[in-house]
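Hello,

Here is the structure I promised to pass on to you. Please have a look at it first, and then read my notes underneath.

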Amino acid sequence: MQICNVQIHSACKPLHGPKCPQHALPATVRTCTLTPPRSSILSSKHTHLVCAAKGFGIEKPKTKQTGKASQAPVLEDPCPCQSGKTYKNCCQKVHLGNKAKNVEAALRARFSAFVKGQQDYIKATTHRDYFDFHYMKPQAEAAPQFDADVHCACSRVEYSDFKVTQVEPGSNDLEGFVAFAYKHASKDKAAEPEAWSVTNQKCRFLKVDDMWQFVDYQTYDYNMSQLAQDVKPEQLQK
Ligand SMILES: [Zn+2]
């Protein structure tokens, strides 16, 4: 029996069977001289194309979401007065009716009120003499302008870096002074993009009906771009 030395491609087998078509003999070794059917080549190419496309046109398998962001603990709102407490456990109590226990607490609550838009608290803790001091008008006459100013200060200004720098007793138990610094800027960045300023202020408070009220102040404003560092409290008096 004659043996052909041609090995048949597996793809060729459906066409010519296990035997070499040239010799009509069982094929056992080496190379088939026939071209594999085109359908099998296309099939092979198609497989490669599909594999290549997996990195591009075919949608990548979605990675499983860990859900870490949604599981993160919700941070409580820090108090604007920089006490390190939450707003709920600090100045909000005063805004809701608790009396400020001293001038520092009163000042902190007023600053937080500007940040939080607590306009009623700001008005309630403004002494009647403030209107003569600031507007040079009696309270009734200056009230509309004062209301507009408070609204503007609450809605159009942003504040940060609040810091109490000094607390001084007054001439009696119904008077007190507190100095502080803070940064402020217009919220309208399009109109005033470089408007961050620092204010140092020393305020006088008087206690009226068991409530500390802001009366008047000395202040020193300066532009941040003119400074290498914060102005020191002793400069307040100049
Ligand atoms: Zn506070």
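Below is what I found, starting with how far to trust the model.

This is a predicted model, in which local features need pLDDT of at least 70 and side-chain atom pairs count only at pLDDT 80 or more, while totals for chains, interfaces and linings use all residues. Residues are numbered from 1 along each chain as its sequence is written.

The mean pLDDT (the predictor's confidence in each residue, from 0 to 100) is 74 for the protein chain, and 61% of the residues reach 70 or more. Over residues 1-70 the pLDDT is below 50, and this stretch has 53 contacts in the model beyond near neighbours in sequence; a contact means two C-beta atoms, placed from the backbone, within 7 Å. Where pLDDT is low, the predicted coordinates should not be read in detail.

Now the overall layout. The protein chain has eight helices and six strands, in the order α-β-β-α-α-α-α-α-α-α-β-β-β-β from the N terminus. These are DSSP runs, numbered from the N terminus: H or I of at least four residues for helices, E of at least two for strands. Of the 238 residues, 18% are buried, that is, with 20 or more other C-beta atoms within 10 Å of their own, again placed from the backbone. Among the contacts with a separation of 6 or more, 47% join residues 24 or more positions apart.

Helix α5 deserves your attention. It covers residues 103-116 and spans 20 Å from first C-alpha to last, close to the 20 Å expected (1.5 Å times one less than its number of residues). Eleven of its 14 residues are buried, including Leu107, Phe111 and Phe114. After α5 comes Gly117, with a positive phi near 70 degrees.

The largest nonpolar core (buried Ala, Val, Leu, Ile, Met, Phe, Trp, Tyr and Cys residues joined through C-beta atoms within 7 Å) has 26 residues, of which Ala106 and Ala109 touch the most other members. At least two residues each come from α4, α5, α6, β4, β5 and β6, with α5 giving the largest share, eight. Leaving out residues up to four places away in sequence, Ala106 touches Ala100, Thr125, Phe205 and Trp212.

Finally, the strands. β3 (residues 157-169) and β4 (residues 175-186) pair in the antiparallel sense over ten bridges, where pairing requires at least two DSSP bridges. Val167 has Val178 in β4 as its bridge partner, and a hairpin of five residues joins β3 to β4.

Best wishes

Technical notes: Buried ≥ 20, exposed ≤ 12 C-beta atoms within 10 Å, placed from the backbone.
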